[in-house]
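The exercises below are meant to be worked with the sequence and the model side by side. Please attempt each task before reading its solution.

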Amino acid sequence: MAQAAIVVIAGLVASPATSEEPLGAPPKDPETQLMVRTWNGECIACHTEQALLFPPRSGMDLERLAGALLDPFQFQKSDHAGMACKTCHGKAYVEYPHQEGKGGKALECAECHAQLAFRVQSQFDKSVHARNLSEHFNCNTCHDPHVDRIAQNVGDPRQTVSLDNARCMACHDSDEEFAKFSGKLTEGKTRPDIDSIHEFLPNTQRHWQAVRCVECHTPISTHGKLALSHEILDKERAQRDCVTCHSQDTELRTRLYRYTQAEANDLGFLNSALLGDAYVIGATRNVHLDRLAVWLLGLTLAGVAVHGLIRILAGIFRRRR
């Protein structure tokens with residue numbers, strides 16, 4: 001049975017990707033989906049906090065297990081939900097105890113996301129993270145494959161803001177995490193206080209609740225397949241022009257709100273994500289109300305013009321009598 005499972009897993013890993021799906025995408029047939037849920041259930045039975053309290057097996061290395069836990073509820077909502085754990089973690093994890101020396105190395109992101117990884121790498125190479133901390137960074141530094149959801153799949157901009165900003169704040173608002181990645185920085189340099197370096201922003205906390213750090217700290221992505229650039233800009237190059245967002249043609253419509261345009265098209269509201277909030281100045285408007293206002297203004301001016309013309313003609317007629 002175990003050998004058969006290895007064969008199937010190897011098939012899942014090595015199955016050719018279509019133009020629409022990356023290599024290793026979750027299976028679609030019900031039978032394989034059920035098999036994957038069974039496999040993942042075996043993994044999750046051990047790799048949760050619950051297992052630390054009540055170990056399901058005797059002789060487990062609980063200290064090591066503590067560094068390999070996941071939240072099954074978050075994983076179920078993540079972009080990788082439906083994939084077999086063993087697809088990424090390798091055939092060494094098919095049986096217990098794990099034989100990590102035999103194919104135990106987890107897949108690199110680029111092995112499934114080759115095209116995206118190539119484009120991301122070209123952007124990342126120009127980022128402040130690559131310039132200062134390249135040897136400390138890989139995809140997993142910012143992206144947790146057990147948790148991550150891309151904005152297109154989240155849909156709600158407020159949830160997208162919360163999820164994406166949490167990645168940045170995990171290091172930039174934590175002395176402990178910041179210290180792990182600051183080895184090449186000037187000796188003695190401490191983590192800049194996140195509030196102090198953004199004090200030029202009015203209503204700083206409200207900005208962070210409404211927009212992502214990357215709205216200002218990345219340029220517009222030049223790749224159509226990448227909604228967001230991975231070229232993280234330092235404070236000298238970050239966006240500081242308020243009009244970029246606070247205008248009728250707000251750049252946020254091509255970034256954070258690009259996935260709410262369907263609702264905007266259906267209902268006419270240009271800021272459906274923030275309807276009633278009125279925070280993004282100039283975006284709180286409805287194209288149908290705009291057109292109605294133009295028509296009412298035109299009718300009013302036409303009425304005044306017609307009224308004036310009638311009075312002029314009536315005056316001329318009275319003088320001739």
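**Before starting.** This is a predicted model, in which local features need pLDDT of at least 70 and side-chain atom pairs count only at pLDDT 80 or more, while totals for chains, interfaces and linings use all residues. Residues are numbered from 1 along each chain as its sequence is written, and side-chain values use heavy atoms, with hydrogens and water left out.

**Exercise 1.** Determine whether Phe124 and Phe137 are buried or exposed, and describe the aromatic pair that they form.

*Solution.* Begin with accessibility: both Phe124 and Phe137 are buried, where buried means under 20% relative accessible area, exposed over 50% and partly exposed in between, with a 1.4 Å probe and protein chains only. Next, search the whole structure for aromatic pairs, which yields one; rings of Phe, Tyr and Trp (its six-membered ring) pair if their centres lie within 6.5 Å, and planes under 30 degrees apart count as stacked, over 60 as edge-to-face and the rest as tilted. The rings of Phe124 and Phe137 are 6.0 Å apart centre to centre with 35° between the planes, and the pair is tilted. Finally, place the partners in the chain: Phe124 belongs to helix α7 (residues 114-124) and Phe137 to the loop between α8 (128-133) and α9 (139-142), so the pair ties together parts that are 13 residues apart in sequence. Helices here are DSSP runs (H or I, at least four residues), numbered from the N terminus.

**Exercise 2.** Work out which residues of α7 are buried and what they pack against.

*Solution.* The buried residues of α7 are Val120, Gln123 and Phe124. Viewed down the axis of α7, these residues fall within an arc of 95°, so they line one face of the helix; the arc is that of the directions from the helix axis to the C-beta atoms. The buried residues of α7 pack against α8, with contact meaning heavy atoms within 4.5 Å. On the face of α7 turned away from the buried side, one finds the exposed residues Gln115 and Phe118.

**Exercise 3.** Establish how many disulfides the structure contains, and explain why Cys109 has no such bond to Cys139.

*Solution.* A disulfide is a pair of cysteine sulfur atoms within 2.5 Å, and a search of the whole structure finds zero. For Cys109, the closest cysteine sulfur is that of Cys139, and because the two are 4.0 Å apart, they are too far for a bond. Cys242 is likewise in no disulfide, the nearest cysteine sulfur, in Cys245, being 8.8 Å away.

Methods
Helix = DSSP H or I, 4+ residues; strand = E, 2+ residues; numbered from the N terminus.
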